[in-house]
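This report describes the strand pairing and the residue environments in one chain. The sequence and structure follow.

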Amino acid sequence: MSRKVLIIGLDCAEPSLAFEAYAHEMPNLRSLRSAGCWGPLRSTLPPITVPAWTSMVSGYDPGELGLYGFRDRRPGTYEYDYASSLSVRVPRLWDTLGGHGRRSLVFAVPPTYPPPSEMSGALVSCFLTPDAGSRFTCPPTLREELHRRFGPYIVDVEDFRTDDKPALLQRIRRMTDQHFRMAQWMMKALPWDLFMMVDMGLDRFHHGFWKYIDPRHPRYRRGNPFEGEGAAYYGMLDGWIGRLVDEAPRDSAVIIVSDHGAKRLLGGVGVNEWLLREGYLKLRGRAPSAATPLADLEIDWKRTRAWGEGGYCGRIHLNVRGREPQGIVEPGRDRETLLEEIAQALAGMKDASGRVIGTRALRAGDIYRAVQGYPPDLLVLLGNLDYRGVGSVGLGGVLTHENEMGPDDANHDFSGILVMSGDGVPAAGRLSGAAIYDIAPTVCKLLDVPYNEPTMANVLL
Amino acid sequence: MRPGVLIWVIGSADRLAAAGAAIRAAVSDHVAFVDVMSEDEIREHLCTHEKEGADVRALAVERTGWVCHLLERNGGAGIALSHGSKRAERDALRKKAGGMIEVLLKGALPAGLEPPFYPDVELDGTESEKDIRARIEAALKAIGLLDESSRRYNEDEERLVKERLEKLGYL
């Protein structure tokens with residue numbers, strides 16, 4: 001079979017924008033939709049970049065992968081390890097295809113740093129690459145070629161937390177432009193059966209500009225100078241989609257995907273601030289009066305029952321005897337009782353007006369098919385993702401509308417986008433029920449390569 | 001499949017658990033999975049309880065070694081915490097295992113325990129977690145397990161990535 005598969009990943013692309021609000025700015029995507037099938041793509045829990053993209057290219061859920069976010073607990077300690085390509089212990093699409101003699105070109109798919117030392121095809125690592133001087137390509141010589149043609153690799157958007165929005169927008173656009181140009185060159189210069197790229201620019205745009213483009217955001221102001229930038233950015237991406245699709249071989253199937261969606265962010269919940277006030281977390285000495293990361297404080301582990309982490313989803317860990325170095329919560333019934341108590345208290349959390357914000361605390365054993373590695377004891381969806389988690393203490397209150405790291409207007413949402421079109425894809429119209437896990441076996445089917453992983457993933461064709 | 005390692009930790013009972021946790025943390029970056037065979041587990045599941053004696057102890061060592069070897073040959077790390085093994089018994093395990101390192105916790109040792117003549121790693125209890133990690137990694141490298149290119153991040157890289165993720169709001 002000579003068919004090829006082109007996957008363009010737009011991190012954080014939101015269905016309500018790509019399929020509705022900005023559809024008029026996306027003629028190429030509309031054309032692909034009308035010739036194929038499309039719909040929302042249910043993301044992982046948590047809907048976070050590293051587990052989501054890994055689930056997409058493997059078919060395994062975060063529990064099976066043992067990947068719960070950008071960093072996970074280091075066993076037997078209170079420390080964390082940052083996710084990298086080496087955290088992935090299962091075959092990804094390019095591994096599976098390589099086993100059948102197929103060549104893959106992989107561009108910036110998280111997490112792909114460090115790159116493999118060899119593979120069937122070529123790979124450029126993602127934004128988890130430390131910097132442009134790192135060894136971020138396979139083969140290594142590809143780095144010099146890209147540098148010579150396109151300048152230093154823009155790993156990610158520098159100085160992201162800034163109020164200088166025009167400059168931020170310029171940097172995001174510059175990164176997106178460079179990455180698509182690099183991908184376009186690779187697509188033409190190197191042989192491939194699967195070409196997969198991910199652009200992070202849209203995620204950065206949403207977090208930096210959501211309040212300017214969403215009339216439902218409380219800080220939206222009609223007529224603001226960035227009001228049209230959402231449509232313009234989605235339109236720019238559509239232009240790149242059109243160029244890559246046009247330049248792909250005629251017998252290509254095309255898949256446009258995102259790892260999760262986006263929604264307005266109303267504020268943050270001080271996870272540790274709450275645990276401290278409720279008596280689950282104990283510090284040595286007085287609590288700080290200004291926002292201070294928990295890592296900078298001395299925790300009284302002998303009296304601490306739970307602590308947490310911030311991020312787009314909150315995470316809470318219990319200090320369990322025999323598991324944590326200074327654990328005090330007895331495993332078994334005591335642990336279960338405490339988890340239930342914390343989950344119930346979080347479910348009743350209210351905003352300043354007294355409205356229950358709708359927080360859910362989930363356990364790994366309830367949401368995954370298997371639990372590998374070291375998951376948080378509770379994955380906390382704060383206000384159904386209207387709020388993010390803030391890990392610092394000394395915030396002055398549990399609910400905060402300021403983020404200690406600077407402005408952020410958007411959170412991730414539970415579903416991203418899926419558009420499939422081209423050779424081998426029926427014009428089936430709107431799809432419902434597609435999940436992020438389904439992409440890996442679907443790509444294998446399109447390339448006539450067996451997908452034998454014992455996952456829950458389904459072929460979408 | 002990436003290779004695994006069998007790690008045998010030798011020392012007094014009061015220091016084994018802490019050392020096991022530190023070694024587990026150090027090795028977890030480099031293998032598919034890690035499990036620590038604690039003394040309690042060895043006593044509960046791998047000892048013959050009907051009688052006491054040298055043969056019973058030797059059998060427990062052999063069984064513990066076999067479990068760790070199974071983990072090792074499947075790409076993981078099996079860490080045995082034991083204060084009652086003989087040099088010859090560990091040498092026999094070393095021949096069986098694809099990769100094995102012996103960690104000696106320096107200090108007073110229980111009677112009957114034979115410390116290795118040339119331990120791969122020696123710890124005196126004053127080392128930081130970072131020191132332990134460095135020594136374990138050096139031992140892994142010495143037996144060919146640790147390919148430098150397989151490291152996740154070095155300290156400078158981790159700092160860069162952490163700062164970026166914090167600014168992006170992921171942490």
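Within β8(A), L194(A) is the bridge partner of V5(A). The model examined here is a predicted one. Strand β8 of chain A comprises residues 194–199, and six bridges join β1(A) to β8(A) in a parallel arrangement. Strand β1(A) also pairs in the parallel sense with strand β9 of chain A, residues 252–257, again over six bridges. In that pairing, I8(A) of β1(A) has I256(A) as its bridge partner in β9(A).

The two pairings of β1(A) are set out below.

| Partner strand | Residues | Bridges to β1(A) | Sense | Bridge pair |
|---|---|---|---|---|
| β8(A) | 194–199 | six bridges | parallel | V5(A) with L194(A) |
| β9(A) | 252–257 | six bridges | parallel | I8(A) with I256(A) |

How many of the residues of strand β1 of chain A are buried? Seven of the seven, residues 4–10, are buried, so the strand is largely enclosed by the rest of the structure. K4(A), L6(A), I8(A) and L10(A) point one way from β1(A), while V5(A), I7(A) and G9(A) point the other way; all are buried.

A further residue of interest is G389(A), which lies in strand β16 of chain A, residues 387–390. G389(A) counts as buried because its relative accessibility is 0%, against a cut-off of under 20%. Leaving aside residues up to four places away in sequence, G389(A) touches V269(A), V271(A), G310(A), G311(A) and L382(A). From P191(A), G389(A) is 198 residues apart in sequence, and their C-alpha atoms are 44 Å apart in space.

How values were computed
Residues numbered from 1 in each chain as written. Chains lettered and ligands numbered in written order. Predicted model: local features only at pLDDT ≥ 70, side-chain atom pairs only at ≥ 80, totals over all residues. Heavy atoms only, no water. Helix = DSSP H or I, 4+ residues; strand = E, 2+ residues; numbered from the N terminus. Buried < 20%, exposed > 50% of the residue type's maximum accessible area, 1.4 Å probe, protein only. Contact = heavy atoms within 4.5 Å. Pairing = 2+ DSSP bridges.
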